[in-house]
Amino acid sequence: MIKLKYLFLAAVLCLTMHSCKVLSTKAYKSMVAERDSLSTRVTSLEAQVDQLKADTARMHHEIADLNRKYEELNDGYNLLNASYTEANGKLSKSSSRVNQLSSDLQKREARLKEVEDILKRRDEATNALKAKLQQALLGFQQSGLTVDIRNGKVYVSLTDKLLFPSGSIVIDDKGKAALKQVAGVLNKEQDINLAIEGHTDDKKVINLGQIKDNWDLSVLRATSVSRYLVEIENMDPKRITATGKGQYQPIDPANTPEARARNRRIEIVLTPKLDELYNLITK
C-alpha cells in the first residue's frame with residue numbers, strides 16, 4: 001500500500017516535471033519572438049527619429065532662409081515707403097507750386113489783357129487823331145507837311161520852308177496858318193502831349209548872330225513853335241516839351257540838296273497820355 005503510494009507520487013512528480021519543461025520552452029520562444037519584434041520596432045523608431053532630425057534641420061534652414069527673405073522684403077518695403085513719403089511730400093510741394101504758378105499766370109494774363117485793351121484804345125485814338133490832322137492840314141500837304149504814325153505816336157512833320165524864312169527862327173504867316181490848324185485839333189484833344197523837335201541839315205550855320213551852330217538853330221526854332229502854340233493858340237504849356245536835335249537825326253542821309261531840305265524840319269510828336277497804362281504796369 002505504501003509502495004503503491006510512493007509509486008503514485010513518483011508518477012505525479014514525473015508528469016509535473018514534464019509539464020514544467022514544456023511550459024518553459026514555449027515561454028522562451030515567445031519571449032524571443034517578442035524581443036525580435038521589439039528590436040524591429042526600435043530600429044524603425046530610430047530610423048524615424050533620424051528622419052525627423054533631418055527634417056527638423058532642413059526646416060530650420062528653410063525658416064532661416066525665409067526669415068532672411070522676409071528681412072530683405074521688409075527693408076525694401078521700408079525703403080519704398082520712405083521714398084513714397086518723400087515723393088508724396090515733393091508732389092504736395094509741386095502741386096502747391098503749380099497752383100501758385102497757375103494763379104500768377106491768370107493774374108498776368110488778366111493784366112496782359114488790360115494792357116492790350118489800353119494799347120488797342122491808344123492805337124484807335126492815334127489813328128483817329130492822324131485822320132483829323134490830315135483832314136485839318138490837307139491844304140498844307142503840298143507845302144511839305146506830312147502826318148504819319150511811328151511807334152504808336154503821330155508825327156506832324158513841317159519843313160523849315162513852311163514855317164521859317166531861310167536861317168530865321170521867326171515863324172512866317174504861312175507857318176502860323178499851319179500851326180493854327182494843328183492847335184485847332186489838339187486843343188480838343190486834352191489827353192495828347194506834344195514834343196516839338198527842331199531838326200537841321202548838316203551844313204554849318206554862318207553869320208546868324210546869337211545862333212552859334214545847328215544845335216542852337218534847332219532848339220530856337222522848336223521853342224519858337226512852342227511859344228506860338230502857348231501864347232497865340234492858348235495851348236497848355238504843361239503839355240509841351242521843346243527839344244533841338246540839330247543835324248543828328250536826319251530822315252534822309254543822302255548828300256543832296258533835296259535830302260538836306262527834307263532834313264530841315266520841325267516835327268510835332270503827339271503822344272497820348274498813358275497814365276492808365278503806367279498805373280497798371282506799376283501795380
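In the predicted model, the largest nonpolar core comprises 31 residues, of which Val156, Leu194, Ile196, Val225, Leu229, Ile268 and Leu270 touch the most other members. Contributions of at least two residues each come from α1, β1 (145-150), β2 (153-159), α2, α3, β3, α4 and β5 (265-272), and the element that gives the most to this core is α3, with six residues. One of the residues listed above, Val225, illustrates how these parts are brought together: when residues up to four places away in sequence are not counted, Val225 touches Leu163, Phe164, Ile171, Leu179, Ile196 and Ile266.

The secondary structure around this core comes to six helices and five strands, arranged along the sequence in the pattern α-β-β-α-α-β-α-β-α-β-α. Of the 283 residues in the protein, 24% are buried. Among contacts with a sequence separation of 6 or more, 69% are accounted for by residues 24 or more positions apart. The area exposed by the protein is about 20100 Å², with carbon and sulfur atoms supplying 57% of this area.

Two loop positions were examined for their surroundings. Phe140, found in the loop between α1 and β1, is buried, because its relative accessible area of 15% falls under the 20% limit. Apart from neighbours within four places in sequence, Phe140 is in contact with Leu145, Leu162, Lys174, Ala177, Ala178 and Gln181. The C-alpha atoms of Phe140 and Leu162, one of these partners, are 8.5 Å apart in space, with the two positions 22 residues apart in sequence numbering. Asn234, by contrast, is placed in the loop between α4 and β4 (240-246) and counts as exposed, since its relative accessibility of 63% is over the 50% limit. With residues up to four places away in sequence not counted, Asn234 touches Asn187 and Leu229; the latter residue, Leu229, is also among the core members that touch the most other members. Asn234 and Ala183 are 51 residues apart in sequence, while their C-alpha atoms are 8.5 Å apart in space.

Charged side chains were considered next. Side chains of opposite charge can pair when their charged atoms come close, and the structure holds 10 salt bridges. In one of these, the side chains of Lys132 and Glu189 meet with an N to O distance of 2.7 Å. This pair links distant parts of the chain, given that Lys132 belongs to helix α1 (residues 2-136) whereas Glu189 belongs to the loop between α3 (173-186) and β3 (192-199), 57 residues apart. Both partners are partly exposed, Lys132 having a relative accessible area of 42% and Glu189 a relative accessibility of 22%.

A further salt bridge is formed by Asp160 and Arg221, whose closest N and O atoms are 3.7 Å apart. Because Asp160 lies in helix α2 (residues 160-163) and Arg221 lies in helix α4 (residues 214-232), the pair ties together parts that are 61 residues apart in sequence. In this case the partners are buried, with a relative accessibility of 11% for Asp160 and of 4% for Arg221, whereas the partners of the bridge between Lys132 and Glu189 are partly exposed.

Arg150 likewise forms a salt bridge with Asp148, with 3.7 Å between the closest N and O atoms. Arg150, at 30% relative accessibility, counts as partly exposed, as does Asp148 at 29%. These two residues do not stand alone, for salt bridges that share partners join Asp148, Arg150, Arg265 and Glu267 into one network.

On the surface, Trp215, Val219 and Tyr248 make a nonpolar patch of about 330 Å². Val219 is found in helix α4, the helix in which Arg221 also lies. With a relative accessible area of 34%, Val219 is partly exposed; this value is over the 30% required of a patch member, and Val219 therefore meets the accessibility condition for inclusion in the patch. Helix α4 thus carries a residue of the surface patch, Val219, as well as the buried residue Arg221, and supplies at least two residues of the largest nonpolar core.

Note on methods:
Residues are numbered from 1 along each chain as its sequence is written. This is a predicted model: local features need pLDDT of at least 70, side-chain atom pairs count only at pLDDT 80 or more; totals for chains, interfaces and linings use all residues. Side-chain values use heavy atoms; hydrogens and water are left out. A salt bridge is a side-chain nitrogen of Lys or Arg within 4 Å of a carboxyl oxygen of Asp or Glu. Helices (H or I, at least four residues) and strands (E, at least two) are DSSP runs, numbered from the N terminus. Buried means under 20% relative accessible area, exposed over 50%, partly exposed in between (1.4 Å probe, protein chains only). Patches are made of residues with over 30% relative accessible area and no salt bridge: like charges are joined within 9 Å, nonpolar side chains (Val, Leu, Ile, Met, Phe, Trp, Tyr) within 5 Å. Accessible areas come from the Shrake-Rupley method with a 1.4 Å probe; for residues, only the protein chains shown count as cover. A nonpolar core is a set of buried Ala, Val, Leu, Ile, Met, Phe, Trp, Tyr and Cys residues joined through side-chain atoms within 4.5 Å. Contact means heavy atoms within 4.5 Å.
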